[in-house]
Amino acid sequence: MGDDWLSRRARAAEQAVPGGFDLSECVREPIHLLGGVQSYGTLLAVDAATGLVDTAAANTGPLLGVPAEDLVGGPVTRVVGPDDWQEALEATSGADAPSAALPVTAGTGSSRGTFDLSVHRSGELLVLEFEPRDERQAFLFSGFYQGVRRALARLRSASTVTDGCRTAVKEIRSLTGFDRVVAYRFDGPDGPGEVVAEEVTEAWEPWLGLWFPATDIPPQARRLYQDNWIRVITDVDDPTVRLHPQVRQSTGRPLDLSGAALRTVSEFHLEYLRNIRVRSSMSVSVMREGRLWGLIACHGADPKVLAPEVRSACELFGAAFSLQLAAIEERERADGFARSGARAGTVAELLDADVEASLLRHEEAFRGLTNADGVALARSGRLVTAGLPLPDRLASELSRRAALMTPGTVWATDRLPELLADTDTDTGADADSHSPSDREVERGPIAEPDGVAGLLMVSLGRSGEFLAWTRAERPMPREWAADPASPVRVGPRGERLTPRGSGAVFRSVMRGRSLPWTAQDQSAALEMWRLLTGLVLRHANELGRLNDELRMINVDLDSFAHAAAHDLKEPLRGISNAATFTLEDAADGLDATSVRRLETMQRLAGRMDELLNSLLHYARLGRGGVQRTDVPLDDVVDAALEVAGPRLADEHVTVLRPATLGRVRADPDRLYEILVNLLVNAAKYAADRPDRTVEIAVATVPTQDGPGREQAVLVRDNGIGIPPGRQSEVFDLFRRLHGPAEYGGGTGVGLAVVKRIVERHGGRIWLESEPGQGASFYFTLGDPGPAASGSA
């Protein structure tokens with residue numbers, strides 16, 4: 001199950017240790033607030049504004065000549081010259097000022113001497129760290145600079161990550177003289193670490209290739225390694241010098257020593273070092289893109305005090321090593337991009353307008369592009385896969401993740417089960433297949449995500465579209481420096497982290513991992529995105545051109561309908577007036593036939609006026625926008641019943657509705673128009689029966705083009721019904737299924753208007769009906785659709 005499984009297993013083992021040891025205490029320990037320093041130096045925390053000492057180490061008496069109790073509250077210039085204090089202030093001034101180091105003469109009386117002074121800011125305080133300086137070392141460091149330059153030159157010549165690590169450990173050991181120096185690479189930000197390079201004396205057992213559990217370096221320690229390039233422990237048995245006062249009066253907490261070189265070390269870590277027979281140590285952080293990539297860890301069999309020049313050189317070397325790693329990885333990425341570009345171009349040529357179908361036809365070529373076991377494309381609401389199946393749950397998670405990514409962003413993992421293990425409640429059911437004495441742990445099979453262990457994905461758009469390659473699980477053997485199933489033992493000094501007892505190697509097989517994705521694989525995915533985007537954009541441009549033409553046609557049609565309806569009303573009004581005046585002025589002189597013809601002309605003019613008004617209204621619906629707002633559906637129904645209610649009452653139709661209909665996102669005026677039309681229709685076409693009803697409700701219905709569900713507003717009557725073969729006609733403009741005077745008359749525009757309003761919302765409308773059984777009209781309001789709740 002990967003390292004997440006191991007960490008859960010480790011925590012369970014830790015809690016089972018006699019005496020109640022719980023590593024969570026180590027994880028929670030505030031290692032930057034331990035309230036002490038190593039005794040070979042001393043420390044003062046001084047208010048930068050006033051120059052008054054806020055906190056002092058308890059050994060300032062023997063080292064600086066003034067006891068800590070006397071220093072606190074007084075001026076720092078009692079032990080540091082005014083010029084040196086001013087230089088310290090200036091060296092650390094400005095936002096995000098780095099730490100500074102300078103030689104000073106400090107102290108009083110017989111304790112006055114030469115010190116290496118390290119200075120850094122901690123909030124409003126200036127933290128001064130004093131280390132006694134041996135002037136005899138000045139000669140030793142006279143040629144030190146040239147040695148560092150040669151070491152850096154050798155590092156720059158490294159062409160691979162492995163070569164860089166080998167060079168780094170060799171040069172650091174040469175600079176410091178430690179007995180063992182290893183390059184330790186983390187397997188992920190919270191994972192275990194592997195020794196990838198080593199320089200060690202013959203008397204010490206080799207660690208090259210060994211893995212160490214993630215619990216060895218808890219999260220808060222990793223955070224400090226990110227903030228501080230170097231960490232030195234001169235002697236694991238050094239008596240910690242406490243600070244005075246232990247708790248600062250202004251904060252109620254101990255002094256924050258995150259940036260202090262002299263900061264004391266957690267007893268958990270000291271016991272750890274004692275157990276592996278290490279007396280002194282140094283760690284140099286290796287960073288990659290602002291995150292902790294690994295450590296250069298140094299161990300000594302005897303106490304070792306490193307002069308500031310050595311520490312500075314190692315810190316500089318760590319920074320240079322980090323930059324060299326970045327350069328190597330960038331070069332590998334560039335080389336991979338060049339090699340993969342041609343291959344991606346060849347594969348892209350296999351695509352045609354139907355991207356999904358062509359991917360399925362040539363799925364072997366697509367999988368071969370990254371040596372994958374499967375390929376998946378999610379686009380335009382469709383998901384196509386080939387090769388290794390992609391579970392629905394995983395496809396949904398990938399779509400969610402892709403929607404949060406910038407299009408063209410590549411995301412890769414070779415340990416997918418660990419990322420999906422949030423709900424995993426593993427309790428050790430996949431027990432070891434051998435007894436502990438076999439020195440081997442075989443991990444049980446993973447249940448999720450159905451064989452997919454590696455994933456390489458590129459986001460295609462903010463709507464959750466993606467192109468992905470998948471790899472199946474590849475079990476990976478590992479050799480551990482400790483049994484991952486039992487990483488803690490009670491040590492001779494009490495309940496402390498004591499996971500190492502001997503040089504025995506514990507072998508295990510890591511599950512839930514795939515072969516890692518190379519820089520070339522990721523470059524191929526990025527190039528494929530670029531080529532695929534170009535192909536899609538070409539089709540999109542053509543579609544856009546056609547849409548522009550269609551939009552212009554629609555605008556022309558709307559303008560024509562509006563102009564026709566408006567301009568035709570004037571001559572029509574003249575015809576109607578002429579007929580009316582003729583009847584009024586010559587009524588006595590006209591025969592019955594002429595009168596009847598003039599009255600017919602009046603009636604037809606009135607009918608034509610109604611049709612033109614309807615056409616004008618219909619045209620306006622195409623020109624105006626939809627102004628959505630969050631409205632209670634009950635309020636809109638109440639307003640619609642004020643108009644349609646009397647008509648329903650005249651036809652003795654009873655309105656049925658639930659206690660509440662919920663809320664919708666819609667244009668309230670247009671929604672009101674929909675409901676008025678549907679309710680008036682229910683009144684018009686009520687059946688000749690005593691129990692005439694119309695029901696208003698909200699129904700959960702299947703989506704139009706998928707297996708999902710959506711909410712629709714329902715208006716159902718028990719009227720005369722509509723034959724199945726003629727149901728689509730009722731939404732046509734000026735189409736009535738009955739004569740002009742039947743069932744209350746009308747222009748045949750009402751349902752056409754309803755359909756257009758619904759479509760302007762991005763929704764759909766349909767009906768279900770049988771003759772004599774009434775009609776059920778359903779409509780949705782697009783995205784966002786009805787937020788109403790209820791069912792029918």
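**Aromatic pairs, a buried strand and free cysteines**

With a relative accessibility of 10%, Trp207 counts as buried, and this residue is a convenient way into the predicted model described here. Its partner Phe212 is also buried, at a relative accessible area of 3%. In total, five aromatic pairs are counted in the structure. In the pair formed by Trp207 and Phe212, the ring centres are 5.0 Å apart and the planes meet at 55°, so the arrangement is classed as tilted; the tilted class takes angles that are neither under 30 degrees nor over 60. Trp207 and Phe212 also belong to a wider group, since ring pairs link them with Tyr184 and Phe186 into a cluster.

A stacked geometry is found in the aromatic pair of Trp766 and Tyr778, with 5.3 Å from centre to centre and 5° between the planes. Trp766 is part of strand S27, which covers residues 765-769, while Tyr778 is part of strand S28, residues 775-779; the pair therefore ties together parts that lie 12 residues apart in sequence. Tyr778 is buried as well, with a relative accessible area of 9%.

Rings in this model also meet charged side chains. Lys304 places its charged end over the ring of Phe178, at 5.5 Å from the ring centre. For Arg471, the ring in question belongs to Trp517: the arginine lies over its face, 3.8 Å from the ring centre.

Turning to the strands, S3 (residues 53-57) offers a helpful view of how the chain is packed. Four of its five residues are buried, so strand S3 is largely enclosed by the rest of the structure. Strand S3 has pairing partners that include S2 and S11. With S2 (residues 42-47), strand S3 runs antiparallel, and three bridges join the two. One residue pairing that can be followed by eye is that of Leu44 with Ala56, its bridge partner in S3. Strands S2 and S3 form a hairpin with five residues between the strands, and there Gly51 adopts a positive phi near 75°. The pairing of S3 with S11 (residues 241-244) is antiparallel too, and is made by two bridges. Here Ala56 appears again, with His244 as its bridge partner in S11. Ala56 thus has bridge partners in S2, through Leu44, and in S11, through His244.

The cysteines were examined next. A disulfide is a covalent bond between the sulfur atoms of two cysteines. Searching the whole structure gives zero disulfides. Cys314 illustrates the result: the nearest cysteine sulfur, which belongs to Cys298, is 6.5 Å away, and Cys314 is in no disulfide. The cut-off for a disulfide is a sulfur pair within 2.5 Å. Cys314 is buried, with a relative accessible area of 0%, and Cys165 is likewise buried, at 1%.

At the level of the whole protein, the fold contains 20 helices and 28 strands. Of the 792 residues in the protein, 49% are buried. Among contacts with a separation of 6 or more, 70% are between residues 24 or more positions apart. The accessible surface of the protein amounts to about 37,500 Å², and carbon and sulfur atoms account for 52% of this area.

How values were computed. Residues are numbered from 1 along each chain as its sequence is written. This is a predicted model: local features need pLDDT of at least 70, side-chain atom pairs count only at pLDDT 80 or more; totals for chains, interfaces and linings use all residues. Side-chain values use heavy atoms; hydrogens and water are left out. Rings of Phe, Tyr and Trp (its six-membered ring) pair if their centres lie within 6.5 Å; planes under 30 degrees apart count as stacked, over 60 as edge-to-face and the rest as tilted. Buried means under 20% relative accessible area, exposed over 50%, partly exposed in between (1.4 Å probe, protein chains only). A charge sits over a ring if NZ of Lys or CZ of Arg is within 6 Å of the ring centre and within 35 degrees of the ring normal. Two strands pair if DSSP finds at least two bridges between them. Contact means heavy atoms within 4.5 Å. Accessible areas come from the Shrake-Rupley method with a 1.4 Å probe; for residues, only the protein chains shown count as cover.
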